Amino acid sequence: MNVRAAAAQVIYQVVDQGQSLSTALPAAQQDIKPRDHALLQEICYGVLRWLPRLESITQSLMDKPLKGKQRVFHHLILVGLYQLSFMRIPAHAAVAETVNATKTLKKPQLRGLINAVLRNYQRQQETLDQQAMSHDAGKYGHPGWLLKMLQAHYPDQIEAVTSANNTKAPMWLRVNRRHHTRDQYQGLLDAAEISATVHPQAGDALKLDSACDVHQLPGFAEGWVSVQDAAAQLAVDYLQPQAGELILDCCAAPGGKTAHILEREPDARVVAIDSDDQRLLRVKDNLQRLRLDAEVLCADARYPQQWWQGEAFDRILLDAPCSATGVIRRHPDIKWLRRADDIAALATLQAEILDAMWQQLKPGGTLVYATCSIMPQENREQVKAFLSRTPDAALAEHKDNGNDTAPGRQILPGESDMDGFYYAVLEKRPSV
C-alpha cells in the first residue's frame, strides 16, 4: 500500500473513529513494506502532534470540508501538509506520493483537488503558517481543554510541557541487574558502537543517543536489557522490594515494572494483576523473555475478594489507570482521544482502587501510588483526599521536584528527558 494512503487511514481511524494509535498503526504496518514502517510512524505521529495547525491550514485552503465517504481524503491532505511543513522529504516527492495515494484509496478523481490544495500551501506557506499559529491550539499543538488545564496548574511550565509533548521521546533502556550492572552494560553498548548516557537518579537506566532496533542491543533476546522510560523505572526505587516479601503489582500490564521488581530483588514473591486479559499476554511475554517468574492474574483491583484469598501484601505498587497526560510524547493520540470530563471519572476509579488495595496491605507495609498523568486531580489531590479519609495511612518522606506538587513527586514531561509521572509513597501504620 502507498504509505501516504496508509497514514491517512490511520489518522482517520484515530481522529474520526476514536481508535488508539497503538491499535491502528501496527495494523496498517502489515499492509506496507517493512522499510516503510518508520516513515509511516513518523507521518502519523507528526500529524497527531500538530493536528490543530494542520486543520487550520486546511480550512484556509478549502471552500468546504470533505465529509462522509470522502473524509479519509481530508486526512490525506493533512498528511501532505505535514510532509511539506515538517519533513525533509523533497516537496515534489511529498506532493506526488500524496496525490498518488488517491488511487490506492480508490478515488483517483480527487487527484486534482489534493494536488491543488498542496500546491496552494506551497505558494502561501509562510502566511498560512503564521495564521495557523496565531491561536493557542495551533501554536502549541494541544486541544483547548488540555491547554486550559495546563494553564491552570502549570502556568510557568506550559511552554516546556507542550514542547516536550511535541518532541520525539528518547529510547531508554533498563539494564537487568541479574546479568550486568549498568556500567558493565554501557561497556557492551560502547563495544557495539551504540552511544548511551546514564540517568542521574534511575539506577538501571541508560538513554541511547539514537534509537535503534532492539535486536541490535547486546543480549536483548537473552533478557539482559529492556526498553522502559526512566520515569517508569523509578517505581522500583520508591517501592524498595526486599527478599522474601509478598509484593503486588496492581494494574501491571504490559509488565515492565513487574519485571523490574524481580530483576532488583530475585527473592521477592510477586503477584501481577490487570483487568485486561489481552494486555496480560504482554506481561507473560516479557516475563518469559527475561526468564522471570510471577503469579499473573486477570483481576479487577476494585474487588480483591474475588481473586485473592491469600495473606496480605508487604508492598503494593499501584500504577493506577489514568489520563496518560504525562506520556503524550509517546502517544500523541491521547490529546485527541481524551476529554476534559475523563479526568473526574478516572479520579473516581483511582480512589476506589486505592481504598480496596489499602485493605490488602499489611500493617507496616508500603504502597506506592503511581500514574503517568500530570493532572493534580489524579495525583496530589487524590493522595491528599486518601490521607484525609484513611487514619492508618501516612506519607513517607519523598523528594519533591520543586514544582509545589506535594504530597508526592510530580515529574513533568521532559524533566531529565523523562516522561511525565507521579509517585507517592504511603506507609500503613502498625496496629496498636
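User: Why is Lys-257 called buried?

Analyst: In this predicted model, where local features need pLDDT of at least 70, side-chain atom pairs count only at pLDDT 80 or more, and totals for chains, interfaces and linings use all residues, the following answers rest on computed values. Residues are numbered from 1 along each chain as its sequence is written, and side-chain values use heavy atoms, with hydrogens and water left out. Buried means under 20% relative accessible area, exposed over 50%, and partly exposed in between, with a 1.4 Å probe and protein chains only. Lys-257 has a relative accessible area of 14%, and is therefore buried.

User: What makes the pair of Lys-257 and Asp-319 a salt bridge?

Analyst: The term requires a side-chain nitrogen of Lys or Arg within 4 Å of a carboxyl oxygen of Asp or Glu. The side chains of Lys-257 and Asp-319 meet at 2.8 Å, N to O, so the pair satisfies the rule. Asp-319 is buried as well, its relative accessible area being 15%.

User: How do you know that this pair links distant parts of the chain?

Analyst: Lys-257 belongs to helix α13 (residues 256–264) and Asp-319 to strand β8 (residues 313–319), 62 residues apart. Helices (H or I, at least four residues) and strands (E, at least two) are DSSP runs, numbered from the N terminus.

User: Why is Arg-302 called partly exposed, and which salt bridges does Arg-302 form?

Analyst: Its relative accessibility is 30%, which lies between the two cut-offs, so Arg-302 counts as partly exposed. Arg-302 meets Asp-300 in a salt bridge at 2.8 Å, N to O, and forms another with Glu-352, where the closest N and O atoms are 3.7 Å apart. Both partners also count as partly exposed, Asp-300 at 24% and Glu-352 at 37%.

User: What makes Arg-264 and Asp-204 a salt bridge?

Analyst: Their side chains meet at 2.8 Å, N to O, which is inside the limit, and therefore the pair qualifies. The structure holds 21 salt bridges, and across the interface of domain 2 and domain 3 the rule finds three.

User: How much area is buried between domain 2 and domain 3, and what does that value count?

Analyst: The area is about 1,700 Å², of which carbon and sulfur atoms give 40%. Buried area is the accessible area (1.4 Å probe) that two parts lose on being put together, summed over both, so the value covers both domains. Arg-174, Arg-178 and Gln-201 supply 38% of the area that domain 2 buries against domain 3, more than any other three residues. Domain 2 (171–227) and domain 3 (231–428) are given by the domain assignment, whose bounds are automatic or from a database.
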